[in-house]
Amino acid sequence: MNDRTRPSGRGTYQQPGISSQPGTCPLSERITRHYASLTENNRRLADYLQLNPEKVLMLSTSEIAEACQVSKTSVSRFIRKLGYEDHLALRQELMTERDKGQPVMVTALDDTELNNEVRALEKLWAQLTQQDHHELIEKLATAKRIKIIGYRNSYPLAMHFRQQLMQCRTQVELLPLPGQTIGEDLASIDADDFIIVIGIRRRVANFEKIMSFLAPRDCLLITDQSGQKYAQGIAHYFICYMNNELPLDSYSVPMSLIAHLVNQTFLHLKSKATQVSGKISVNYSQLSELE
């Protein structure tokens with residue numbers, strides 16, 4: 001007997017670390033678990049099916065292959081790698097979830113930009129509602145210091161996150177400082193610090209080394225689907241699904257996530273956050289910095 005054990009009839013078969021019971025490990029979670037070991041073609045399929053799981057019900061294996069510009073064989077192998085016997089077994093699992101009340105589209109919508117944005121936001125809110133994030137909000141509210149790391153196109157997100165958190169609490173730092181390398185800042189991290197790393201695609205070359213360094217520490221990773229390969233060793237993470245079909249990315253999903261986290265932090269701190277934001281408003285007024 002090899003390391004795959006096929007059950008009788010249609011369904012899933014077991015690979016190491018994967019449940020053999022349909023429905024116990026949703027498609028998106030299975031993809032995240034395997035993402036680090038996927039080939040480039042498989043990651044193209046993974047990105048497509050995580051954002052559009054309904055396509056499994058609407059399209060044939062050949063049509064999925066055409067949509068992702070891969071071979072039909074690649075689709076079949078990808079489905080088996082996730083622990084499903086074949087495309088039909090995956091379809092049956094999704095239909096079972098639909099019968100249980102999980103919303104799953106079975107008819108096509110026009111793939112407009114707005115619909116893509118809505119689907120990506122729905123994926124984010126599914127993560128927020130299906131998991132308990134009270135511990136994360138507690139850390140955002142009470143950690144001695146918050147350090148936020150963001151490079152390139154993740155830098156505006158990191159800066160916005162810092163500015164919003166500073167309305168709730170003090171001791172929020174943006175790393176690295178302009179013109180500096182990250183090594184000095186990483187060396188300054190204490191055990192009481194909470195680190196936020198934002199790594200949307202086109203990450204810097206040493207991003208993997210940064211995540212390896214931070215893995216033993218208390219850390220939140222915010223990334224897109226291409227960065228979920230770094231999620232396994234991190235205490236907290238969110239995957240913000242980006243639409244890769246257009247030339248330039250929309251950042252509505254990570255910005256919505258940041259808004260949610262800082263608002264929950266503000267509500268958690270209550271009067272303490274009100275005092276901090278009140279002092280900032282007084283400073284704005286005294287310095288005539290705003291209209």
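This passage goes through the overall build of the chain, its enclosed cavities and the setting of one histidine.

The model is a predicted one. Its chain runs to 291 residues, and 43% of them count as buried. In terms of secondary structure, there are 13 helices and five strands to keep track of. Among contacts in the chain with a separation of 6 or more, 64% come from residues 24 or more positions apart. On the outside, the chain exposes about 15,600 Å², with carbon and sulfur atoms supplying 50% of that area.

Turning to the inside, the search gave two cavities of 30 Å³ or more. The largest cavity comes out at about 60 Å³. Helix H7, which spans 113-130, and helix H12, which spans 252-269, each bring at least two residues to the lining of this largest cavity. Of the elements involved, H7 gives the most, with three residues. The full lining of the largest cavity is made up of Leu51, Asn116, Glu117, Ala120, Tyr241, Met242, Asn243, Ser250, Ser252 and Val253. Sorted by character, the lining of the largest cavity holds five nonpolar residues, four polar ones and one charged. The charged one is Glu117.

The second largest cavity encloses about 50 Å³ of space. Two stretches of numbering turn up in its lining: Tyr151, Arg152, Asn153 and Ser154 on the one hand, and Ile198, Gly199, Ile200, Arg202, Arg203, Val204 and Phe207 on the other. Here the split is five nonpolar, three polar and three charged residues. The charged ones in the lining of the second largest cavity are Arg152, Arg202 and Arg203.

As for the histidine, His87 is found in helix H6, which covers residues 87-99. His87 counts as buried because its relative accessible area is 12%, and the cut-off for that label is under 20%. Leaving aside residues up to four places away in sequence, His87 touches Val56, Leu59, Ser60, Thr61, Ile64 and Ile79. With Val56 there is a polar link as well: a polar atom of the His87 side chain lies 3.1 Å from the backbone oxygen of Val56. So that pair falls within the 3.5 Å allowed for a polar contact.

Notes. Residues numbered from 1 in each chain as written. Predicted model: local features only at pLDDT ≥ 70, side-chain atom pairs only at ≥ 80, totals over all residues. Heavy atoms only, no water. Helix = DSSP H or I, 4+ residues; strand = E, 2+ residues; numbered from the N terminus. Buried < 20%, exposed > 50% of the residue type's maximum accessible area, 1.4 Å probe, protein only. Contact = heavy atoms within 4.5 Å. Areas by Shrake-Rupley, 256 points an atom, 1.4 Å probe, with all protein chains shown as cover. 1 Å grid on protein atoms, 1.4 Å probe; cavity = no way out; pocket = protein on both sides within 12 Å on 5 of 7 lines; lining within 4 Å. Points joined across faces, edges and corners; volume = space filled by probe spheres on them. Polar contact = N/O pair within 3.5 Å; in protein donor to acceptor, adjacent residues only side chain to side chain.
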